[in-house]
Amino acid sequence: MSVCDELNTPAVPKAIEWLTIREAIYLINKSCNLSLTESNIYRFALNSEITLSIYFQSPVILKKIVNENNAILKRDIDNHNLLYKLCFLNPIDYKYYRSKCCDAIAHTEGEFIFPIDFIWDTKLIGVESIVIQKLLARSLGLPAPIIGQYQYHCGVLVHDSNHNTYQVFERNTVKYRIQTQLEKLEHSEHLIFRAANRIKNCRSISIKKLLKTKMFFPLYQLPNDAFFVIKKEYVDKFIAKHSAINVTDKPESRMSSPLARFLWLACKNNPLIGTELIQHPYKLLALFEVWAKEDGISDKLSGDTLKKALSRGSPVV
């Protein structure tokens with residue numbers, strides 16, 4: 001899992017669909033006059049202030065997650081079926097959760113989907129969340145999380161535009177799955193390793209046939225060639241929001257004192273204006289509007305602006 005590490009970020013084309021983290025930071029900072037860093041983006045993502053997407057460079061398999069009251073349903077598995085547990089549970093269960101009997105997987109429904117799209121949004125509620133937490137910790141020079149704040153039984157989760165949640169799967173033989181799962185376990189799990197080796201070396205014809213069978217298994221880590229990106233539409237929304245904040249925070253422009261002095265003197269010594277009209281700027285505004293119209297100036301003039309300028313330029317306190 002990696003983030004693009006270009007040293008020189010080029011200008012971003014307007015029609016581009018997605019941006020790397022570095023490209024998004026460059027565009028946001030340039031557009032909003034900010035100084036965001038990678039850690040800021042990770043924090044925004046974890047707080048749901050900006051949506052990250054995962055770019056799967058290789059094909060993936062999806063299956064819809066069952067939700068109930070905005071919660072992902074779990075499905076318990078047979079605690080005594082070691083082969084099933086080894087193939088379908090997150091290996092982290094064996095490391096940290098055995099005492100809690102977390103023998104469950106995410107509940108899915110429907111057919112397996114082989115999408116043609118390679119970029120999928122994520123709400124960071126599955127295993128992908130720990131990747132962002134680790135990137136955040138690394139960018140801040142802090143210790144990496146041990147297990148992370150994520151739903152360990154769900155695997156990698158993505159979302160579509162209709163807010164449906166999908167779990168990411170892979171398709172491999174049972175034997176290959178056992179081997180890759182064992183590689184993620186600590187070797188101190190002697191009973192698991194011995195039992196798995198007995199299964200792999202079993203001479204039973206039915207077991208050998210099972211080991212060669214290809215099945216769908218949930219992914220509990222991002223593929224090595226997948227990485228996080230931000231869709232251009234989400235970057236644009238973020239920029240629009242923070243540009244509006246910056247605009248409202250800017251002080252209102254006003255005439256400087258020296259210019260206000262010149263304006264007051266010009267009005268005071270103009271035979272058509274004099275002291276009386278200076279003291280009644282709203283009446284004076286009509287004269288300025290006539291002059292503006294004669295010189296082709298169509299800007300809307302403000303009596304309040306004229307009053308403030310003359311008051312600022314007046315030598316009489």
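**Contacts, cores and strand β11**

Colleague: Leaving aside its neighbours within four places in sequence, what is isoleucine 41 in contact with?

Modeller: The partners are Ile21, Ile25, Ile28, Leu36, Ile50, Leu52 and Ile230. This is a predicted model. Contact here means heavy atoms within 4.5 Å.

Colleague: What makes Ile41 stand out in the largest nonpolar core?

Modeller: The number of other members it touches. Ile41, Leu52, Ile178 and Ile230 touch the most, in a core of 57 residues. Helix α1, residues 21-32, gives the most to this core, with 6 residues. There is also a second, separate core of 10 residues, and it includes Leu263, Ile278, Leu287 and Ala309.

Colleague: Why would nonpolar side chains be buried together?

Modeller: That is a general tendency in soluble globular proteins. In this protein, buried residues make up 43% of the 317 residues.

Colleague: How much confidence does the predictor have in the protein?

Modeller: The mean pLDDT is 82, and 84% of the residues reach 70 or more. Among the elements, strand β2, residues 52-56, has the highest mean, 97. Helix α4, residues 92-97, has the lowest, 60. Over residues 1-9 the pLDDT is below 50, yet that stretch has 21 contacts in the model beyond near neighbours in sequence. Residues 248-252 are also below 50, with 0 such contacts. Where pLDDT is low, the predicted coordinates should not be read in detail.

Colleague: Why is strand β11 called largely enclosed?

Modeller: Count its buried residues. In β11, residues 165-173, 7 of the 9 are buried, so the rest of the structure largely encloses the strand.

Colleague: How do you know that β3 and β11 pair?

Modeller: At least two bridges are needed for a pair. Strand β3, residues 61-65, and β11 have 4, in the antiparallel sense. Therefore they pair. Within this pair, isoleucine 61 stands opposite phenylalanine 169 of β11.

Colleague: What joins β11 to strand β12?

Modeller: 5 bridges, with the strands running antiparallel. Strand β12 covers residues 214-218. Glutamate 170 has phenylalanine 217 in β12 as its bridge partner.

Colleague: What links β10 to β11?

Modeller: They are joined by 3 bridges and run antiparallel. Strand β10 spans residues 157-159. Histidine 159 has threonine 165 in β11 as its bridge partner. The hairpin of β10 and β11 has 5 residues between the strands, and histidine 163 takes a positive phi near 70° there.

Colleague: What makes glutamate 38 and arginine 22 a salt bridge?

Modeller: The cut-off is a nitrogen within 4 Å of a carboxyl oxygen. The closest N and O atoms of this pair are 2.3 Å apart. Therefore the pair counts. Glutamate 38 lies in helix α2, residues 38-46, and arginine 22 in helix α1, 16 residues apart.

Colleague: Why is glutamate 38 called buried?

Modeller: Buried means under 20% relative accessible area. Glutamate 38 has 17%, so it is buried.

Colleague: And why is arginine 22 only called partly exposed?

Modeller: Exposed means over 50%, and partly exposed lies between that and the buried limit. Arginine 22 is at 27%, so it is partly exposed.

Colleague: How do you know that lysine 231 and aspartate 121 form a salt bridge?

Modeller: Their closest N and O atoms are 3.3 Å apart. That is within the 4 Å limit, so the pair qualifies. It links distant parts of the chain: lysine 231 is in strand β13, residues 226-231, and aspartate 121 in strand β9, residues 119-122, 110 residues apart. Lysine 231 has a relative accessible area of 16%, so it is buried. Aspartate 121 is at 10%, so it counts as buried too.

Colleague: Where do lysine 232 and aspartate 236 lie?

Modeller: Both are in helix α9, residues 232-249. They sit 4 residues apart, about one turn of the helix. Their side chains meet in a salt bridge at 3.0 Å, N to O.

Colleague: Are lysine 232 and aspartate 236 buried or partly exposed?

Modeller: Lysine 232 has a relative accessible area of 14%, so it is buried. Aspartate 236 is at 34%, so it counts as partly exposed.

Colleague: How many salt bridges does a search of the whole structure find?

Modeller: The search finds 4.

Notes:
Residues are numbered from 1 along each chain as its sequence is written. This is a predicted model: local features need pLDDT of at least 70, side-chain atom pairs count only at pLDDT 80 or more; totals for chains, interfaces and linings use all residues. Side-chain values use heavy atoms; hydrogens and water are left out. pLDDT is the predictor's confidence in each residue, from 0 to 100. Helices (H or I, at least four residues) and strands (E, at least two) are DSSP runs, numbered from the N terminus. Buried means under 20% relative accessible area, exposed over 50%, partly exposed in between (1.4 Å probe, protein chains only). A nonpolar core is a set of buried Ala, Val, Leu, Ile, Met, Phe, Trp, Tyr and Cys residues joined through side-chain atoms within 4.5 Å.
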